[in-house]
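Let's take a walk through this fold together. Have the structure open and ready to rotate.

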Amino acid sequence: MASLPELNNYMNQMWTDYIKMTPSAEKIYNLFTQSGENVLNDHIALRTFNHPQLGIHSLAQHFTKYGYKYAGEYFFKEKKLYAQHFQHANLNLPKIFISELELEKMSPFVQETLAQCVHQVSPAAIQNENFVFSGRHWTTSYATYLKLAQESEYASWVYAYGFRPNHFTVSINHLKNFTDIQRLNSFIKTNGFTLNASGGEVKGTPQELLEQSSTMAGEVPCQFGDGIYPIPGCYYEFAKRYAMTSGELYHGFIAKSADKIFESTNKQS
Ligand code: NI
């Protein structure tokens with residue numbers, strides 16, 4: 001099994017790719033550290049399609065080799081998504097949340113477009129552990145992006161960006177001063193960032209054992225085959241976990257909350 005320093009190095013590479021796309025996350029991270037906080041990640045989220053070559057397993061294999069194990073599954077009927085989460089015996093390490101678009105439930109247009117994308121990904125590239133932050137492996141056009149977005153915002157995001165962390169999530173449980181999610185949200189907004197308000201700024205309740213909030217993904221210039229267009233990029237999330245009756249922290253996810261969090265990459269009107 002690969003070692004802990006190797007795993008930390010791997011995650012640092014993911015973070016470096018993520019903040020290149022998400023300068024707001026780096027700014028928020030710096031605001032926390034400048035106020036004396038030690039920021040740990042609750043989870044890192046990745047997106048893919050359920051194509052046999054590219055399903056959840058193709059990304060998960062790069063984490064299971066570091067000791068991560070399957071720890072739960074989630075269904076998002078309306079968005080036609082399925083997700084699994086993986087966790088490490090060392091619970092200070094971020095959980096890995098991987099979702100996949102259920103291609104068989106999509107229109108022939110989406111199926112065909114994405115099949116052509118998958119066809120351009122080399123099987124060797126998928127086996128490389130850097131695949132999870134390797135970006136896009138196919139040719140694109142802005143018109144196709146827009147057409148995909150009409151049917152599935154998720155499909156259009158993966159089409160535009162390929163494979164890279166969709167978001168990192170600050171573990172509120174590891175913060176000293178921002179232990180209350182409402183207070184943390186005010187701090188984020190006071191500093192000029194927009195929160196995802198779909199379903200309310202705070203998703204979940206202490207009774208559900210998980211509270212989450214997230215920024216809205218800012219627009220970033222994305223290079224398509226036919227030009228550069230600004231489209232929503234990645235976002236930063238915040239999660240607070242509560243103890244179960246056993247006294248142990250809850251480490252799962254709430255599908256109803258995650259469903260709304262997915263909308264953090266929607267285009268802001
Ligand atoms: Ni998340």
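In β4, which residue is the bridge partner of Ala 45? The answer is Phe 97. Before going further: this is a predicted model, where local features need pLDDT of at least 70, side-chain atom pairs count only at pLDDT 80 or more, and totals for chains, interfaces and linings use all residues. Residues are numbered from 1 along each chain as its sequence is written, and side-chain values use heavy atoms, with hydrogens and water left out.

Now look at β1 (41-49). Strands here are DSSP runs of E, at least two residues, and helices are runs of H or I, at least four, numbered from the N terminus. Two strands pair if DSSP finds at least two bridges between them. β1 runs parallel to β4 (residues 95-101), with seven bridges, and antiparallel to β5 (residues 167-171), with four. On the β5 side, His 43 sits opposite Thr 169. Eight of the nine β1 residues are buried (under 20% relative accessible area with a 1.4 Å probe, protein chains only).

β1 also helps line the largest pocket, as does α1 (4-21), each with at least two residues. A pocket is an open set of points on a 1 Å grid over the protein atoms alone where a 1.4 Å probe fits, with protein on both sides within 12 Å along at least five of seven lines; lining residues have an atom within 4 Å of a point. α1 gives the largest share of that lining, four residues.

Notes. Buried means under 20% relative accessible area, exposed over 50%, partly exposed in between (1.4 Å probe, protein chains only).
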